[in-house]
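Trainee: Could we go through this model together, one pairing at a time? I would like to learn how each answer is reached.

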Amino acid sequence: MQIVEVDRVEWSPDEKNQRVGELPEGVRLIDGDAVLVNEERETVAAQVIAGPESSGRLAWFGREMHKRPKIWHDDRHTANASSRLSGVLYPNRTFGTAAPSALRRRFWCSPATFDQQQPKIASELRNLAVLAWETCQKVMPEAAEDTAETVYPKIHDDWLLFDAPWTSGIINKTAALPYHRDSGNIKGAVSAMWVVRSRIKGGYLHIPEYNVAFTCPNKSLIMFDGQSLWHGVTPFDIENHPDAFRFSVVYYAKTGCQKCGPAHSEAERAQLKRTEEHETHRDEVIENR
């Protein structure tokens, strides 16, 4: 395991949705197994190539996501994309726990739509979450302990991805994301990201505050605090081949899930809310007759 000593420097994007573009001169590329250690000798980030148990699962996941293009479409067969980064659209699917969202008129925790549509893949993503967490505990023990102490007391077990301290995740499809911080994550909790790729170059994860870029090899796991660190993905050099892709699976603990009780009580709350809305709508119709 390579040890890379880093110093954190102040950095912020020059503009909203700033793309990564060409890496600045002097950025250190991290290729293969490595941990980033700060001046206090704390491990602040790491990249680890998958072991035998994870490798086969990741290969299966990559094949399933690539050969089934309808996964990237919703029930109305329209492209599923996100504008969570202030209008930047890219193909993705979220899984795990869908946290309450007033904008979407969802006032309870519930399984994500992806989990209901693709239960086999969703189950495998949970297995990979456990393997990622086991790796995090071995490679970043202090950060893992802090994450466990931060997340477990705040989130009910029903909304965790098996035994891992993450509630949810997102699958990004060949997405060169602009610089961003994961503002919806619980502060102080480490995130983890599996990368599966084929016949594609680029797509490095740049963390400018540490002046490094993880090359994100095929079947690699990258771990860091995505809530506090700026990070973005470099552009891709896609070979002219139908099997070219790069999927990233990011695990995180959402702050919104702290409000949720056991699954049975959330289901009851959801039903009560639907009943209230139905009765309100009925009364409005009667008044307007």
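Trainee: Which residue of strand 4 stands opposite valine 35?

Mentor: This is a predicted model, in which local features need pLDDT of at least 70 and side-chain atom pairs count only at pLDDT 80 or more, while totals for chains, interfaces and linings use all residues. Residues are numbered from 1 along each chain as its sequence is written, and side-chain values use heavy atoms, with hydrogens and water left out. Strands (E, at least two residues) and helices (H or I, at least four) are DSSP runs numbered from the N terminus, and two strands pair if DSSP finds at least two bridges between them. Strand 3 (residues 34-37) pairs with strand 4 in the antiparallel sense over 4 bridges, and there the residue opposite valine 35 is alanine 46.

Trainee: Why is strand 4 described as largely enclosed by the rest of the structure?

Mentor: A residue is buried if its relative accessible area is under 20%, exposed if over 50%, and partly exposed in between, using a 1.4 Å probe and protein chains only. Strand 4 (residues 43-49) is largely enclosed because the buried ones among its 7 residues number 6.

Trainee: Which residue of strand 13 stands opposite valine 48?

Mentor: Strand 4 also pairs with strand 13, in the antiparallel sense and over 5 bridges. In this pairing, valine 48 faces leucine 221.

Trainee: How many bridges join strand 9 to strand 16?

Mentor: Strand 9 (residues 191-198) is mostly covered, with 7 of its 8 residues buried, and it pairs with strand 13 (residues 220-224) in the antiparallel sense over 5 bridges. With strand 16 (residues 245-252) strand 9 also runs antiparallel, valine 195 standing opposite serine 248. The number of bridges joining strand 9 to strand 16 is 7.

Trainee: Are helix 1 and helix 3 roughly parallel or roughly antiparallel?

Mentor: The axes, which are lines fitted to C-alpha atoms over the stretch in contact, give angles from 0 to 180 degrees between N-to-C directions. Those of helix 1 (residues 52-67) and helix 3 (residues 119-139) come within 10 Å and cross at roughly 150 degrees. Angles under 35 degrees count as roughly parallel, over 145 as roughly antiparallel, 65 to 115 as roughly perpendicular and the rest as oblique, so helix 1 and helix 3 are roughly antiparallel.

Trainee: Which strands stand at the edges of the open sheet of 4 strands?

Mentor: The order in this sheet is 2-12-11-14, and its pairing is mixed. Each edge strand has a single partner, so one side of each is left without a neighbour in the sheet; they are strand 2 (28-30) and strand 14 (232-233).
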